[in-house]
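Me: I would like a close look at a single part of this model, followed by its surroundings. Please keep the account plain.

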Amino acid sequence: MSCRRFETMIALYVEGDLPDRKARRVAEHLEGCAACRELSEGLAASQQALKVLRGASVDERVYRELRRRVLARIDATQAGAWPRWAYAAAAGLIVLLGTWAIWRRPSPPPPLRETGRVSLPERSQPPVLSSAPASHAAVSKPRARRTAPAQVSEPRATASAVQPEFQPTEVEPTVSPAPLLVKLFTEDPDVVIYWIVNGNEEGE
Amino acid sequence: MARSLNSDSGELALVMAGCWPDPEDGAGSGELRELVRLAKSGDLGAFEQVIILHQRRVFLTALRMLGRAEDAQDAAQEVFFRLYRHLRGFDESRGFAAWLYRVTVNVCRDIARSRGKHDLPSLEALVGLEEAATGAPDPSDQAASVQQIRIVQQALKRLPEKERAAVVLRDIEGLSTREVARILGSSQATVRSQVSAARLKIKRFTERFLRGRP
């Protein structure tokens with residue numbers, strides 16, 4: 001075994017941390033190797049310095065301050081703690097509040113007022129609305145169907161993009177705080193355009 | 001029982017416990033068991049006595065691990081606070097020195113990681129070392145001893161965390177390899193390997209420093 005591999009064993013040998021068999025092996029090697037003997041003596045000296053730290057004493061004021069801090073922290077913890085019944089009461093209150101919140105459902109919103117149905121003619125281009133304001137002219141009495149029903153190609157088109165071309169005969173001023181729902185039916189039964197007009201005169 | 005006791009009462013309690021300077025580690029004395037029993041029932045005066053019995057080993061172990069007295073104070077405070085919280089689960093017929101060492105090592109590791117490394121140990125870390133070195137007959141030898149002690153302190157700080165814990169518990173606290181392995185949650189072979197590496201590094205650092213090449 002090379003001296004390098006003996007180093008680890010010598011570091012244990014100087015403090016008696018090796019089993020007997022290995023300790024004898026190290027002792028035999030030290031008898032014949034000056035470099036390892038020097039290493040062993042150096043290790044013994046540094047270990048001696050290390051063990052002097054065992055005798056270190058600390059000013060009693062340090063320990064007194066330590067105890068003061070620990071006891072103050074325990075006091076602070078106990079001062080902030082609730083009695084057990086208070087935790088149970090708080091938990092029960094939370095359960096009651098949660099149950100009440102679940103069972104107390106909000107009132108449903110007022111139904112949207114449907115003032116009429118408009119059938120769109122079937123045509124390849126998107127129809128065009130009249131120039132009347134949306135809050136007034138968007139809804140009218142349904143007119144007679146055209147012979148060529150309109151084909152709305154974009155069922156998700158918004159009311160601002162869809163402008164059916166029709167001439168409303170009557171304009172019903174609709175000034176109402178409640179939202180206004182306009183349903184635009186096309187010849188395609190699967191295509192229905194919903195136009196919601198809110199109180200701010202902005203259709204969407 | 002009065003909560004705040006002066007040092008005289010503390011020493012009296014230690015004499016009564018029959019465990020000065022090293023408290024029990026296993027079969028505790030009757031006085032110590034009684035203190036623990038009272039502390040478990042909420043007697044803070046008794047708990048303070050328990051702290052007095054173990055404060056030295058906890059504080060000095062933390063000081064060796066962290067190298068700064070302020071950090072060692074914080075660590076020791078945390079260790080004893082945890083002891084108070086877990087006191088109910090302890091069996092007073094058995095000692096909890098091993099538990100204290102384990103928690104001290106863990107707390108020191110957490111503090112060291114959160115605060116980063118420090119270049120040099122504070123001078124407070126060397127309190128009392130001059131007295132420990134007064135065994136030298138010659139003042140110049142005494143000064144050399146103090147210097148060597150300071151160098152060893154610096155060498156300790158440069159060790160990897162696990163090697164430092166192993167060598168502090170084994171060589172400074174004087175615990176057996178088996179006890180150190182149990183405290184650190186390692187095998188004895190691992191502890192021997194860590195202790196061996198630490199001793200070699202301390203020796204090399206010490207020699208380099210004394211030759212003027214730190």
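Which residues of helix H1 (residues 3-13) of chain A are buried, and what do the buried residues of H1(A) pack against?

Reply: This is a predicted model. In helix H1 of chain A, which spans residues 3-13, the buried residues are A:Phe6, A:Met9, A:Ile10, A:Ala11 and A:Leu12. Their packing partners are H2 and helix H3 (34-52) of chain A, together with H10 of chain B. The buried residues of H1(A) therefore pack against elements of both chains, given that contact means heavy atoms within 4.5 Å.

One of those partners, helix H2 (residues 20-32) of chain A, has the highest mean pLDDT among the elements of its chain, at 95. The lowest belongs to helix H6 (residues 134-137) of chain A, with a mean of 42. Chain A as a whole averages a pLDDT of 73, and 57% of its residues score at least 70. Two stretches of chain A fall below 50: residues 127-142, with 48 contacts beyond near neighbours in sequence, and residues 144-164, with 44 such contacts.

The other chain in this packing, chain B, consists of ten helices and zero strands. Buried residues make up 50% of the 214 residues in chain B. Of the contacts in chain B with a separation of 6 or more, 68% are between residues 24 or more positions apart.

Now the interface. Here 45 residues of chain B are in contact with 38 residues of chain A. The two chains bury about 3,900 Å² between them, with 61% of that on carbon and sulfur atoms. On the chain B side, B:Gln77, B:Phe81 and B:Arg199 lose the most area to chain A, together accounting for 16% of what that side buries.

As for polar interactions, there are six salt bridges between chain B and chain A. In a salt bridge between the chains, the side chain of B:Arg170 meets that of A:Asp17 at 2.6 Å, N to O. The count of residue pairs in polar contact between the chains, both at pLDDT 80 or more, is 15. Several helices of chain B each supply at least two residues to the side that touches chain A, among them helix H4 (69-86), helix H8 (161-172) and helix H10 (188-210). H3(B) gives the most to that side, with ten residues. By class, the side of chain B that touches chain A has 21 nonpolar, ten polar and 14 charged residues.

Technical notes:
Residues numbered from 1 in each chain as written. Chains lettered and ligands numbered in written order. Heavy atoms only, no water. Buried area = accessible area lost by both parts, 1.4 Å probe. Salt bridge = Lys/Arg side-chain N within 4 Å of Asp/Glu carboxyl O. Polar contact = N/O pair within 3.5 Å; in protein donor to acceptor, adjacent residues only side chain to side chain. Helix = DSSP H or I, 4+ residues; strand = E, 2+ residues; numbered from the N terminus. Nonpolar A, V, L, I, M, F, W, Y, C, P; charged D, E, K, R; others polar. pLDDT = per-residue confidence, 0-100. Buried < 20%, exposed > 50% of the residue type's maximum accessible area, 1.4 Å probe, protein only.
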